[in-house]
Every structure is written in C-alpha cells, then in structure tokens.
Amino acid sequence: MFNLILFGPPGSGKGTQSEKLIEKYGLVHLSTGNLLREEIANNTPLGLEARNIMDKGHLVPDEVVIGMIDNSLEHHKEAPGFLFDGFPRTLAQAEALDKLLLLKNAETDLVIILDVNEEELIKRLVNRAKTSGRSDDADENVQRKRQEVYKRDTFPVATHYQKMKKLVHVDGMGEIDQIFQRLCSIIDKKRKSTPQ
Ligand code: B4P
C-alpha cells in the first residue's frame, strides 16, 4: 500500500495534480473538498451546513471530515493506496488519519507540499471563479480569508509531517505538466524505497 498526501494552500493545484497522479499511479483519490461539494450538490443536511461554512472561507468541523474519510477508507478496503487531497487540514485531522491508517496496518508514506506564492494563488482562484460555479470562489475577500486560515490552522500539519521526516517541498509554480513531472520524480523515488 502506498499513501500520499498532497498538501498546500488553497489554489496551489492539489486538485489539478491529483487528477493526473491517480491516473498514473492507480491510487484512490480522496478529496474532502470534492466530497463536501457532492453533499452540497445533493442538498443533504451536511451539505447545507458545509456550504455556509465554506462560503465564508472557514474550515468544516474536524469530526465531519474525519467521518467522511473514515467511511471512504471503509468503502475501499482493497485499494492499492490513497491520494489524500485537501486532507488533513488541521492537526486534529492529521492525528486522526495517522490512527485510521494504523488500524489498517498502514501509514502515510509521503507528504508533498506545493509551494506557490500568495499573489499567484489569488490570481488562480480569481480565474477559477470565472468557470467553477463554486460559491466559495466568488469573492476575493473570501479567498484571502482562506489563505489566512491555511497559515493559522493548516500549516502546522506540515510541521507535524516534517518531524516524522515525511515532508517534501515541490515548486508549484510554472506549467501544470512541468509540476506533474516534478511530483512524479519524487513519488517514483519514494515508491522504489517503499515495500508495496
Ligand atoms: P478544496 O476543494 O480542497 O480546494 P482548494 O484548496 O481551493 O484548491 P486546490 O489546491 O485543489 O486548487 P486547484 O487544483 O483547484 O477546498 C475547498 C474548501 O472545502 C475549503 O476552503 C474548506 O472550506 C473545505 N474543506 C475541504 N477539505 C477540508 C478539510 N479537510 N477540513 C475542513 N474543511 C475542508 O487549482 C486552483 C486553480 O488554479 C484552478 O483553476 C486550476 O486550473 C489552476 N491551476 C492549477 N495549477 C496551475 C498552474 N500550474 N498554473 C496556473 N493555474 C493553475
């Protein structure tokens, strides 16, 4: 089993790169953002609650997203590995994931952080807003709030995995394919040294 976390600030390209990585490596894609947007599209009570929170640029409560990940892991018992995209986003989520994987006799093998400067992040999110139909994209103030929440609540997750010597930085600036090649070379190196 190979478990990868793709980490980085909002707009750093986690979703974009995840689509390409799951195709190449056959990992199961677990995006908490996508799971929450499905709930919103289906008008479930959870979706209605999540939408209010996401539209303000805040994080959905830990117990909600941890529950969603727990369910998804249960649904994919035979998976060759998982790509976690946008999760964990708080220290409590990281600790919960460590425990859930341990129950499967597994662990996080690699955490990649996409480094992108804030000016470029806002530019990308403003662009995404033109086509995404995402209500949390619509307002630049909300996008700035999300960057603030990332620095305060999410960045400590990077330190957590750095202490465990699992964190690798990748330059997330440039062409999408160029960044994909950078990611693949790090993943290939790690997979060679990890028993499958
Ligand atoms: P997410 O769905 O995780 O999305 P994101 O952080 O906004 O963006 P991502 O980094 O995936 O960027 P993308 O590839 O789209 O989060 C949405 C919200 O859900 C959160 O704010 C939060 O409220 C909630 N949530 C999700 N997970 C949660 C959790 N675990 N706990 C609590 N709350 C949670 O790229 C952005 C744009 O840039 C796209 O338009 C893309 O086309 C473009 N782009 C990508 N790479 C590019 C490049 N190299 N050059 C130019 N443009 C590029």
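Student: Which residues form one aromatic cluster with Phe 7?
Tutor: This is a predicted model, in which local features need pLDDT of at least 70 and side-chain atom pairs count only at pLDDT 80 or more, while totals for chains, interfaces and linings use all residues. Residues are numbered from 1 along each chain as its sequence is written, and side-chain values use heavy atoms, leaving out hydrogens and water. Rings of Phe, Tyr and Trp (its six-membered ring) pair if their centres lie within 6.5 Å; planes under 30 degrees apart count as stacked, over 60 as edge-to-face and the rest as tilted. The cluster joins Phe 7 to Tyr 150 and Phe 155.

Student: Is the pair of Phe 7 and Tyr 150 stacked, tilted or edge-to-face?
Tutor: A search of the whole structure finds four aromatic pairs. For Phe 7 and Tyr 150 the ring centres are 6.0 Å apart and the planes stand at 45°, so the pair is tilted.

Student: How many residues apart are Phe 7 and Tyr 150 along the chain?
Tutor: Helices (H or I, at least four residues) and strands (E, at least two) are DSSP runs, numbered from the N terminus. Phe 7 belongs to strand β1 and Tyr 150 to helix α7, so named because of that numbering. The pair links distant parts of the chain, with a separation of 143 residues.

Student: Are Phe 7 and Tyr 150 buried or exposed?
Tutor: Buried means under 20% relative accessible area, exposed over 50%, and partly exposed in between (1.4 Å probe, protein chains only). On that scale, both Phe 7 and Tyr 150 are buried.

Student: Which helix gives the most to the largest nonpolar core?
Tutor: A nonpolar core is a set of buried Ala, Val, Leu, Ile, Met, Phe, Trp, Tyr and Cys residues joined through side-chain atoms within 4.5 Å. The largest has 32 residues, and Phe 7, Ile 69, Phe 84 and Leu 97 touch the most other members. Elements that each supply at least two residues include β1 (2–7), α4 (62–75) and α7 (140–163). With six residues, the top contributor is α4.

Student: How far is the charged end of Lys 20 from the ring centre of Phe 180?
Tutor: A charge sits over a ring if NZ of Lys or CZ of Arg is within 6 Å of the ring centre and within 35 degrees of the ring normal. Arg 191 is placed in this way over the ring of Phe 2, 5.3 Å from its centre. For Lys 20 over Phe 180, the distance is 5.0 Å.

Student: What is the relative accessible area of Leu 101?
Tutor: Leu 101 is found in helix α5. Leu 101 is buried, and its relative accessible area is 0%.
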